[in-house]
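Work through the exercises below with the structure open beside you. Try each task before reading its solution.

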Amino acid sequence: MSRSYPCLSILPGMLPNYDPNDNEAGMKILEDLTENVYQIQQGVLEEIITRNAHTEYLKGFLNGQSDKDLFKKKVPVVNYEDIKPYIERIANGDSSNIISADPITELLTSSGTSGGQPKMMPSTAEDLHRKTFFYNLLVPVMNKYVDGLDDGKGMYLLFVKPEIKAPSGLMARPVLTSYYKSSNFRNRPFNRFNVYTSPDETILCSDSKQSMYCQLLCGLVQRTEVLRVGAVFASAFLRAIKFLEDYWKELCSNIRTGHVSDWITDPSCRKVVPLILSKPNWELANLIEHECSNKSWEGIIKKLWPRTKYIEVIVTGSMAQYISTLEFYSGGLPLVSTMYASSECYFGINFKPLSKPSDVSYTLVPNMAYFELIPVKKDHEDATQDVQCNGICEENCMEEETGKEDIETVDLVDVKLGHYYELVVTTFTGLYRYRVGDILMVTGFHNNAPQFRFVHRRNVVLSIDTDKTNEEDLLKAVTKAKLLLESLGFLLIEYTSYADTFSIPGHYVLFWELTNKGRNDLPELDSKIMEQCCSTVEESLDSVYRRCRRKDNSIGPLEIRVVKHGTFNALMDFCISQGSSVNQYKTPRCIKSAEAINILDSRVVGRFFSQNAPCWEPV
């Protein structure tokens with residue numbers, strides 16, 4: 001029998017208060033939430049409808065009624081393009097009551113790397129409290145598995161991006177920038193488990209280079225106090241390591257003299273960093289210099305921050321490709337992905353944070369939003385239907401599988417183990433039956449709450465003919481191919497792809513940035529090995545791709561273009577200039593922008609093609 005949860009049974013949208021230093025209270029809340037999933041979900045939906053029944057959007061479907069069954073019958077499942085006009089009206093000064101009875105206080109921008117320009121998601125003041133509640137729940141979970149986290153600090157490299165003011169006066173900014181600039185973060189109560197080496201002023205510095213430098217400097221000075229290190233995404237953390245490679249001599253000079261470099265001009269940084277730098281420290285500077293002068297940086301994290309217990313970064317989904325590089329630098333530290341969230345909503349928590357990256361699953365927290373799921377048939381090997389898709393519109397490919405009209409959903413408590421689903425959310429902030437675009441697989445249950453593995457983004461796919469290669473399948477193929485290089489001492493540190501439809505027939509192009517075991521010098525490329533990498537990728541792709549390559553000849557040989565060191569930093573800089581966030585940036589695994597492709601092509605140092613068509617036999 002489920003235990004009652006009085007805080008949520010009275011008003012599901014309200015969040016229970018508890019002291020984040022009280023681990024026992026935090027774990028009890030999580031147990032109650034996961035035991036009473038059905039009741040909480042029904043209460044959340046009822047509250048959202050009751051609050052917003054008279055908004056322009058819902059009134060058009062429900063005629064002012066607060067009926068849950070009518071909601072699921074009449075309100076359509078939508079994509080961003082369906083709701084974009086409503087959000088643009090709010091951005092241009094129309095009333096929040098278009099979609100939300102509560103005032104929209106800001107617009108949260110997506111990373112902008114999966115579907116072109118950043119999307120804008122509505123947010124309210126209450127939603128900041130919901131995020132704070134969510135973050136606080138991460139602490140007791142980590143404390144359950146790792147002892148002594150209150151006996152030191154975390155070196156988390158966190159960044160903000162300058163806001164854009166919409167015509168309405170509302171600020172449009174990435175979700176993490178919104179949180180870090182909020183009073184919830186800046187005036188947060190003391191939590192002995194979440195003390196950072198980075199002063200808030202360095203995190204809030206809008207100059208990403210100065211912010212990075214100052215945060216690393218503070219982290220090095222406090223190295224003996226650091227118990228965990230991390231960033232939001234694995235890519236951001238690795239970018240920090242590369243930054244350290246470029247600037248360690250200058251950082252050591254600052255530590256040795258006790259003065260911050262003159263090019264650090266941000267007033268807040270210049271005020272707070274010297275307080276941590278404090279005085280000249282020759283001994284520390286010499287120690288860091290000794291470690292960073294080594295020819296190989298293998299295990300550098302553990303060497304520089306010897307008390308570190310784990311690295312906290314997201315390594316699921318497209319971030320999984322960074323695992324081997326992180327392991328090289330980490331010295332055997334666990335890689336921890338604690339949470340699953342997006343601009344639309346914060347979704348789930350990893351209840352087993354020390355599990356292997358490949359085993360990471362997230363338990364959806366039922367009072368964050370109302371969750372529905374669209375069953376997705378995972379039948380790539382049987383997908384022989386003639387879908388005319390040239391790689392221009394990835395979303396259409398998935399809609400061929402799920403159907404755009406009369407989409408059937410299942411409730412969170414009705415999902416089945418091992419099945420694949422697309423996530424749909426109804427939020428407290430004005431999104432109703434919104435397709436997030438994430439494909440998830442059910443891996444188990446915590447009490448009555450399903451646990452999901454993130455599989456891939458719905459709209460990240462390569463396609464030339466009838467083939468449909470998603471992000472997960474591409475990652476698996478690249479992972480197999482790069483093993484050929486790792487045995488020779490090389491590391492694949494970044495990759496992306498695009499479908500080259502200008503050649504006849506079209507073919508897949510992969511851009512690879514390689515390094516020689518963490519060094520910056522370009523490895524000598526053996527053409528036969530690289531051609532074998534091309535063939536291995538092709539052999540690892542699905543039956544439809546291999547049929548198109550071998551039997552139909554509708555796809556040409558796969559190509560790998562090796563680019564010089566720093567190319568993907570240039571790609572990131574370009575994406576940021578187009579509206580992406582440093583903090584949220586993820587290297588796009590499939591690109592379409594001609595400018596982005598030109599940036600990569602201008603830095604190519606070697607081109608290699610598969611010399612043999614992959615094996616394929618009709619089933």
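Some cut-offs come first: a residue is buried under 20% relative accessible area, exposed over 50%, and partly exposed in between. The model is predicted.

**Exercise 1. Two residues with positive phi**

Task: Find where S278 and N447 sit, and decide whether each counts as buried, partly exposed or exposed.

Solution:
- Step 1. Start with S278. Its place is the loop between α13 (267–277) and α14 (282–292).
- Step 2. Check the backbone. Phi of S278 is near 65 degrees, a positive value in a residue other than glycine.
- Step 3. Set this against the usual case. Most residues other than glycine have a negative phi.
- Step 4. Apply the cut-off. S278 has 53% relative accessibility, so S278 counts as exposed.
- Step 5. Turn to N447. This residue is found in the loop between β15 and β16 (449–457). Phi of N447 is near 55 degrees, again a positive value in a non-glycine residue.
- Step 6. Apply the cut-off again. N447 has 35% relative accessibility and therefore counts as partly exposed.

**Exercise 2. One helix, start to end**

Task: Describe the span, the cap and the buried residues of helix α2.

Solution:
- Step 1. Helix α2 covers residues 23–35, which is 13 residues.
- Step 2. From first C-alpha to last, α2 reaches 18 Å, close to the 18 Å expected at 1.5 Å a residue.
- Step 3. Look at the N-terminal end. D22 caps α2 there, with a side-chain oxygen 3.3 Å from the backbone nitrogen of E24.
- Step 4. List the buried residues of α2: G26, M27, I29, L30, D32, L33, T34 and E35.

**Exercise 3. The eight-stranded sheet**

Task: Trace the strand order, name the edges and find a helix that packs on the sheet.

Solution:
- Step 1. The sheet is open, and its order is β9-β10-β11-β16-β15-β14-β12-β13. The pairing is antiparallel.
- Step 2. The edge strands are β9 (339–341) and β13 (410–411), each pairing on one side only.
- Step 3. Helix α7 (residues 125–145) packs on the sheet and touches β9 and β10 (346–349). The direction of α7 makes about 10 degrees with that of β10.
- Step 4. Zoom in on one pair. Strands β14 (residues 420–426) and β15 (residues 434–446) share five bridges. Y420 has M441 of β15 as its bridge partner.

**Exercise 4. The four-stranded sheet**

Task: Why is β19 described as largely enclosed, and which strands flank this sheet?

Solution:
- Step 1. Ten of the ten residues of β19 (residues 491–500) are buried, so the strand is largely enclosed by the rest of the structure.
- Step 2. A hairpin of six residues joins β19 to β20. These two strands pair in the antiparallel sense over nine bridges.
- Step 3. Check two partners in β20. T496 bridges to F511, and Y495 bridges to W512.
- Step 4. The open sheet runs β19-β20-β21-β22, with mixed pairing. Its edge strands are β19 and β22 (604–609).
- Step 5. Add the helix. α19 (residues 527–540) lies across β20, β21 (559–563) and β22, at about 60 degrees to β22.

**Exercise 5. The nonpolar cores**

Task: Which residues touch the most other members of the largest nonpolar core, and which helix gives the largest share?

Solution:
- Step 1. This core has 145 residues; F237, I301 and L423 touch the most other members.
- Step 2. Helix α12 (residues 234–257) gives the largest share, 13 residues.
- Step 3. A second, separate core has 30 residues, including L475 and C533.

How values were computed. Residues are numbered from 1 along each chain as its sequence is written. This is a predicted model: local features need pLDDT of at least 70, side-chain atom pairs count only at pLDDT 80 or more; totals for chains, interfaces and linings use all residues. Side-chain values use heavy atoms; hydrogens and water are left out. A nonpolar core is a set of buried Ala, Val, Leu, Ile, Met, Phe, Trp, Tyr and Cys residues joined through side-chain atoms within 4.5 Å. Buried means under 20% relative accessible area, exposed over 50%, partly exposed in between (1.4 Å probe, protein chains only). The expected span of a helix is 1.5 Å times one less than its number of residues. A polar contact is a pair of N or O atoms within 3.5 Å; within protein, one must be able to donate a hydrogen and the other to accept it, and residues adjacent in sequence count only if both atoms are side-chain atoms. Two strands pair if DSSP finds at least two bridges between them. Contact means heavy atoms within 4.5 Å. Axes are lines fitted to C-alpha atoms, for helices over the stretch in contact, and angles run from 0 to 180 degrees between N-to-C directions.
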